[in-house]
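Student: I have a model open in my viewer and would like to talk it through with you. Could we go over it together?
Tutor: Gladly, let's take a look.

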Amino acid sequence: MALSHAEAAWRGRLDMTFLAAVAGLLVVGSLAVVSAVRPMPHAGHIEIRHFAALAVGIAFFFFGFGFDYHVFEDQAKTIYAATILMLLAVLAVGTISHGHRSWLNFGFLSFQPAELARLFLVLSLAAYLDRRERKIKKFSVVLGALAVSIPVVGLILKQPDFSTALTFLPLIFGMLFCAGVSLAQLSVIMVFAGLTLSVPFIYTVCQVFYPHAQAGSWPHGIVDALIGGKTTVVLLLGGALAVAGLWRWAKWARLRADASLFLACYLVLAGGLLAGIVVNRRLKPYQRDRFAAFVAPKQDLEGAAYHVRQSQIAIGSGGVWGKGLFEGTQSQLGFLPERHTDFIYAVIGEEMGFWGAAGVLLLYFLLVWRLAETARGARDRYGYLVCSGLAVMFGFELVLNVGMCVGLMPVAGIPLPLVSYGGSSLVIALWSLGIAANVHYKRYLLA
Amino acid sequence: MRESSPRPRARLDAVVVLFSVAIGALFLRLFQLQILDRANLTAAAERNRTEMIYQTAPRGFVYDRNGVVLATNRPMFSLIYLPSHKGLADLRPLAQELAAQLRRDPADILASLEEATREDSVVRLAENLPPRVMFRLSELRPIYPGVDLVMEAERYYPLGDFASQLIGYVGRMDPRDWIKLRSEGYRIDSPVGRTGLEKVFESVLRGRDGAIRMEVDAQGRLKRQLDRVPWQPGDSLVLTVNAAIQEVAESELRRSISGRGAAVVLDPRSGAVLALASTPDFNLNELAASAPPSERPANPADLPEFDRAISGTYAPGSTFKIVVGAAGLNEGRFAVNDTVFCPGYFKLGRHLFWCYDHHGHGLMNWWTGFAHSCDVYFYEMGLRTGAALIEKYAESFGLGRPTRIALPGESPGQLFGPRTFAAEHRPWYDGDTVNLSIGQGGLLVTPIQMAVLISAVANGGTLWRPHYIDRIHYADGGPDYVQQPEKMGEVDLKPSTWNDLHEALSLVVSSGTGRAVAIRGLDISGKTGTAQNSSGRDHSWFVAYAARPGQPPSVAVAVLVENGGFGDVSAVPIARDIFKVAFGIGKPPSWAELDLRAKPAAAPPARDSRGGPA
């Protein structure tokens with residue numbers, strides 16, 4: 001088959017699979033949103049908002065596509081400053097919805113700066129890492145990247161939007177990982193973060209399964225250690241002695257034992273535990289409920305577990321072919337919570353069945369795969385880092401959102417990008433993909 | 001390992017592989033939910049969106065033998081609450097509102113609402129709402145999703161306090177019973193026959209409940225009707241009871257000296273129950289049974305639900321002389337012409353047994369002794385006959401065992417005699433025989449047993465099992481089930497014995513203690529009785545049967561008035577009124593103000609009144 005020259009040139013410059021995946025997700029998402037909002041009081045209004053956001057999003061896609069992505073590297077500091085300012089602004093004058101102050105209201109439109117902050121963090125972190133290419137193995141680079149990221153995450157936690165903040169962690173780690181930082185250094189950070197996050201988790205497990213633990217029993221001991229009681233002090237001191245003893249033994253055994261290595265290990269473990277204690281203490285009751293609902297869904301069928309249960313019922317009752325658009329009883333009769341936003345995937349599962357739900361997984365797989373391929377083929381390291389970050393970002397959000405809907409992940413209030421109703425999410429997602437398309441387009445061009 | 005490449009491709013590959021694994025896991029989970037668990041989860045989704053509103057089927061009607069409606073149904077509005085599936089709504093404002101409208105304790109209502117939410121099932125908050133309350137409650141419907149009004153069939157007894165113990169009432173079941181009955185399609189709030197024939201014929205009368213399957217949303221709001229299963233009304237019962245006779249028996253008993261008593265009217269040709277009355281009684285529509293336990297008498301025999309006709313046991317007194325005479329005459333232990341002098345007392349060893357007439361009756365033979373119920377005559381004849389024989393005849397007349405009429409709570413009574421005593425290793429003395437001869441001592445009978453006994457005398461020896469069902473009229477139009485008479489025994493006496501008994505019973509009415517029952521144009525025979533009673537006044541008995549001249553007896557009665565004194569004082573006039581109504585003689589007494597002839601249009605065609613009083 002002969003292609004014209006121009007056609008061949010475009011074929012090479014536009015990733016058709018990528019575009020098809022994006023278009024497919026937008027179509028499926030729009031159908032699901034229209035169906036999900038149908039019984040709502042202001043269905044028409046919501047539909048108009050959705051399609052307006054879709055139009056704006058497509059415009060932003062082309063804006064991102066038509067804009068040389070190197071601008072972002074050049075203006076990384078400006079972007080970063082804008083991010084911080086935006087997040088400070090939302091804390092100062094933002095409007096409250098769903099218990100957190102995360103919306104900036106401009107009268108005719110309101111948007112969630114956290115969504116934009118995530119894209120901007122990808123762009124500025126990529127610039128930071130790109131500029132430190134030569135000393136990428138140094139721990140200072142890892143710490144520097146964290147120093148860049150922590151203010152952003154911290155400001156979002158301050159809203160407090162725990163779920164959105166959670167989506168930043170894999171993004172940061174993924175970008176560091178793809179940038180080629182030392183795995184040992186990365187694992188130190190991940191152990192630290194893992195400890196921090198597992199403290200509330202283990203605490204919740206103990207609370208759910210041993211609610212009446214007696215003083216002296218082991219669940220009580222664990223709980224005491226996790227809330228910063230006497231056991232914590234004992235644990236920290238005992239740990240210090242154990243590490244010191246281990247170091248002495250290693251010296252005696254004439255192993256290569258650097259005291260600073262042992263000290264670092266101890267500090268990571270102790271610091272992770274202490275950070276976890278702090279996080280655990282600051283958790284909101286509803287956030288703790290979500291942990292509990294994930295740990296023991298049978299014990300609380302009214303609160304958070306109710307949502308998860310209803311979502312699984314919706315998906316499962318869809319069967320192979322689904323009940324048809326507008327026919328899902330779970331979604332149309334309001335049993336599904338947040339059905340046009342966070343639980344849109346359950347609407348797809350119920351109304352479009354296994355083929356629809358699996359189709360979304362396939363489209364997402366294609367999307368992430370093509371983002372990774374774009375990263376791989378990017379002309380320079382900045383493009384590589386940006387697209388890797390986007391791949392991780394989209395991939396993780398899919399896993400978290402769909403995992404929540406099918407009951408494999410705890411409930412986190414995050415939308416499914418390109419599919420859920422939500423203007424900020426949709427516009428920012430399309431803009432990000434536009435930037436990725438630009439990276440793809442520019443891959444053979446000389447700077 | 002050193003990674004000098006500016007683009008660590010292996011790491012990007014690792015990210016893609018990790019993501020692929022996650023996608024694979026999600027895919028498998030989808031497969032599990034949508035393919036493997038589909039049936040369960042589809043069922044769960046159906047349960048979510050559907051709510052059954054059950055509608056209690058109208059119970060079968062109950063008619064008397066002439067088509068008078070004894071039990072029917074009327075529409076009733078109930079307030080129901082369908083809990084919201086979200087379960088998070090605050091129920092307190094609703095409870096407050098409903099409590100104000102229904103004048104009930106908000107805490108109670110809140111408890112019901114929370115129970116419904118917990119069990120995720122419909123709860124009935126109030127029944128039989130007056131129209132005014134109903135209209136105000138219907139305004140709550142849009143404000144509080146889940147609150148709704150449904151129309152149901154409620155049991156209604158047009159005659160109120162009529163045959164209360166026989167018909168019985170319908171009520172909410174005991175939660176313990178529900179555990180047994182739920183497999184039969186009962187719901188926790190299903191009405192169920194609690195006593196009387198409502199209980200015995202529960203499965204016949206009940207019918208099949210209807211249901212409306214509604215689609216509800218997560219707030220419990222009814223969206224639309226999915227489908228409905230129409231109810232199937234219960235089958236109707238046509239009783240052998242004659243409402244007019246029942247009514248006169250009841251009203252006369254109520255007006256008696258004590259107001260407590262029983263009357264059983266049987267057709268001696270078949271054992272069909274024409275009336276089964278017991279007072280005090282209660283209005284079936286007012287659910288006397290639902291009075292709080294604190295206000296209810298401790299002794300079950302004091303309850304209005306207590307059916308004296310089948311559960312009350314009394315000494316038969318002189319009515320038992322029928323059995324003594326039958327035994328002695330039939331076995332040739334004495335002859336009708338044997339005479340006994342009654343000085344007013346009877347000496348047995350050092351013991352003195354009084355005749356009720358302390359002045360003495362003088363010289364007595366069978367006719368005079370029976371007609372005047374002379375105790376001394378029967379002390380003597382009882383001793384001649386022997387207690388063992390009397391006990392045997394008492395048993396053959398059906399005493400000491402339940403008649404097994406189809407009603408709950410029947411008492412078997414208590415035989416009294418040497419055999420019974422031997423079984424209990426107690427000695428029997430002649431003094432006991434003397435007591436037994438006049439129906440005293442430990443002998444206990446129920447009014448229905450006496451009615452069966454006198455019927456057997458009337459028909460010449462057949463003990464018909466009393467039955468009150470004439471036929472069952474099936475709602476689906478199938479051929480009626482017709483109850484056939486059933487023998488529960490036969491008393492085999494010589495014809496001469498029967499003649500002597502019949503003539504003596506007739507003499508009681510024509511010239512003896514039962515003169516007050518005599519009605520011109522009827523052949524009435526009977527026997528009075530006065531049962532000594534350890535507490536209070538004697539109970540008054542009268543057993544009798546009546547026939548139009550030249551025809552076999554067609555009505556037999558046993559009347560008992562507790563603490564009524566001599567039988568001829570209180571029990572006999574009741575029997576007289578019963579006979580008058582049964583045979584349609586004379587001016588009906590004042591009770592007939594009640595229009596028993598008001599027949600409903602739906603009354604099944606009355607069969608030829610089989611064996612009814614002409």
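**A walk through the model**

Student: Thanks! Which backbone nitrogen does the side chain of A:D380 reach?
Tutor: Keep in mind that this is a predicted model. A:D380 sits in the loop between α16 (344–377) and α17 (381–406) of chain A. Its side chain comes to 2.9 Å from a backbone nitrogen, that of A:G383.

Student: And how far from A:D380 is the nearest side chain of opposite charge?
Tutor: A salt bridge has to be within 4 Å. A:D380 is buried and has no salt bridge. The nearest side chain of opposite charge belongs to A:R379, at a distance of 4.1 Å.

Student: Let's move to chain B. How many helices and strands are there, and what percentage of its residues is buried?
Tutor: Chain B holds 20 helices and 23 strands. Among its contacts between residues at least 6 apart in sequence, 72% link residues at least 24 apart. Of the 614 residues in chain B, the buried part is 56%.

Student: In the open sheet of five strands in chain B, which strands stand at the edges?
Tutor: The order is β12-β11-β23-β22-β21, with antiparallel pairing. A strand with a single partner has one side left without a neighbour in the sheet, so look at the two ends of that order. The edge strands are β12 (272–279) and β21 (523–531) of chain B.

Student: By how many degrees are neighbouring strands of this sheet turned against each other, and which helix packs on it?
Tutor: On average, and ignoring direction, the turn between neighbouring strands is 10 degrees. The helix touches β21 and β22 of chain B, and its direction makes about 80 degrees with that of β21(B). It is α19 (residues 495–511) of chain B.

Student: Which residue of β22(B) stands opposite B:S525?
Tutor: β21(B) and β22 (residues 539–547) of chain B run antiparallel and are joined by nine bridges. Across from B:S525 in β22(B) you will find B:Y545.

Student: Why is strand β18 of chain B largely enclosed by the rest of the structure?
Tutor: Strand β18 (residues 469–473) of chain B has five residues, and its enclosure follows because the number of them that are buried is four.

Student: Which residues stand opposite B:V238 and B:I472?
Tutor: β10 (residues 236–239) of chain B pairs with β18(B) over four antiparallel bridges, and there B:V238 has B:R471 as its bridge partner. Two bridges join β18(B) to β19 (residues 481–482) of chain B, also antiparallel. In β19(B), the residue opposite B:I472 is B:Y481.

Key. Residues are numbered from 1 along each chain as its sequence is written. Chains are lettered from A and ligands numbered from 1 in the order in which they are written. This is a predicted model: local features need pLDDT of at least 70, side-chain atom pairs count only at pLDDT 80 or more; totals for chains, interfaces and linings use all residues. Side-chain values use heavy atoms; hydrogens and water are left out. Buried means under 20% relative accessible area, exposed over 50%, partly exposed in between (1.4 Å probe, protein chains only). Lys and Arg count as positive and Asp and Glu as negative; His and the chain ends are not counted. A polar contact is a pair of N or O atoms within 3.5 Å; within protein, one must be able to donate a hydrogen and the other to accept it, and residues adjacent in sequence count only if both atoms are side-chain atoms. Two strands pair if DSSP finds at least two bridges between them. Axes are lines fitted to C-alpha atoms, for helices over the stretch in contact, and angles run from 0 to 180 degrees between N-to-C directions. Contact means heavy atoms within 4.5 Å.
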